[in-house]
Amino acid sequence: MARILVVDDEKDIVQLITRFAEHEGYEVFSASDGAQAVRMCREYEPDAVIMDIMMPGMDGYTACKKIRGVSDVPVILLSALGAEYDKLMGFELGIDDYVVKPFSPKELMARIKAVLRRRTSCGEENREIRLGGLCIDTLGRTVYIDGVRTEMTAKEYELLLYFIKNRGVALTRENILNGVWGYDYFGDSRTVDWQVKLLRSKLGKYRSYIVTLRGMGYKFEETQ
């Protein structure tokens with residue numbers, strides 16, 4: 001039974017999500033602010049976190065940053081803030097998905113299933129992949145740039161690995177969404193652009209390996 005932590009200061013929202021999640025067979029815990037969420041992540045080690053952004057005391061962004069310091073548990077941010085800046089800030093912190101209020105509880109359950117399924121189906125065949133000075137340790141899920149370890153969020157790592165496995169192939173944004181987020185992802189193609197921007201910032205001089213195909217998507221190829 002997967003364990004879900006729901007974090008929101010609105011009791012009605014917590015009760016709504018809890019009812020639907022328990023109906024899906026999940027064990028649900030709840031917290032009303034970010035600080036409590038961080039403590040409960042350490043104590044209960046949930047399989048996924050559903051967290052609001054605007055909360056008293058520690059907000060969702062700060063809580064997510066602290067959680068990422070100790071765990072790579074999938075995090076879905078839930079917020080009335082739907083601007084591109086707000087979403088990008090969440091992805092920079094390493095979240096797995098972003099849901100704008102008001103939301104469909106059934107859609108949220110589908111998103112939870114998607115992040116849990118991706119978390120349990122990420123086996124890699126090769127221990128190490130090298131492309132020039134870019135090295136990926138697939139068992140350790142770590143990336144090195146010219147011998148120096150580069151910290152990446154789980155989603156940045158998954159996107160990089162997907163690009164590498166499909167290097168030389170012209171990929172549409174829909175291809176990438178399906179390959180990295182899953183066929184049941186409900187987001188839009190701008191999510192890919194945000195994550196590519198973040199990934200490029202981590203790759204340093206190897207950022208040019210990700211080539212933009214105007215009007216289509218991206219291609220990963222060694223250009224140096």
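## A proline in a loop

Which strand and which helix flank the loop where Pro 102 is found? In this predicted model, the loop runs between strand S5 (97-100) and helix H5 (105-119), and Pro 102 sits within that loop.

The backbone leading into Pro 102 deserves a look as well. The peptide bond from Lys 101 to Pro 102 is cis, with omega near -10°.

## Two residues with positive phi

Next, let us turn to Glu 45 and Asp 146. Glu 45 has a phi near 45°, which is a positive value in a residue other than glycine. Its place is the loop that links helix H2 (34-44) to strand S3 (48-52). Is Glu 45 buried or exposed? Its relative accessibility is 60%, and with the cut-off for exposed set at over 50%, Glu 45 therefore counts as exposed.

Asp 146 also has a positive phi in a residue other than glycine, here near 50°. You will find Asp 146 in the loop between strand S8 (142-145) and strand S9 (148-150). The relative accessible area of Asp 146 is 41%, so this residue is partly exposed: the value falls between the 20% and 50% limits.

## How H2 and H3 pack

Helix H2, which comes just before the loop of Glu 45, packs with helix H3 (residues 60-68). What are the angle and the axis distance for this pair? The helices pack at an angle of about 20°, and their axes are 9 Å apart. Because angles under 35 degrees count as roughly parallel, H2 is roughly parallel to H3. The crossing of the two helices is right-handed.

Which residues meet across this pair? From H2 come Gly 34, Val 38 and Cys 41, and from H3 come Ala 63, Lys 66 and Ile 67. Sorted by class, the contact of H2 with H3 has four nonpolar residues, one polar and one charged. Gly counts as polar and Lys as charged, while Val, Cys, Ala and Ile count as nonpolar, so Gly 34 is the polar residue and Lys 66 the charged one.

## Thr 18 in helix H1

Finally, where does Thr 18 lie? Thr 18 belongs to helix H1, which covers residues 11-23. The relative accessible area of Thr 18 is 17%, and because buried means under 20%, Thr 18 is buried.

Thr 18 can also be placed relative to Arg 149. In sequence, Thr 18 and Arg 149 are 131 residues apart, and in space they are 39 Å apart, C-alpha to C-alpha.

Note on methods. Residues are numbered from 1 along each chain as its sequence is written. This is a predicted model: local features need pLDDT of at least 70, side-chain atom pairs count only at pLDDT 80 or more; totals for chains, interfaces and linings use all residues. Side-chain values use heavy atoms; hydrogens and water are left out. Helices (H or I, at least four residues) and strands (E, at least two) are DSSP runs, numbered from the N terminus. Buried means under 20% relative accessible area, exposed over 50%, partly exposed in between (1.4 Å probe, protein chains only). Axes are lines fitted to C-alpha atoms, for helices over the stretch in contact, and angles run from 0 to 180 degrees between N-to-C directions. Angles under 35 degrees count as roughly parallel, over 145 as roughly antiparallel, 65 to 115 as roughly perpendicular and the rest as oblique. A crossing is left-handed if the near helix is turned anticlockwise from the far one by less than a right angle, and right-handed if clockwise. Contact means heavy atoms within 4.5 Å.
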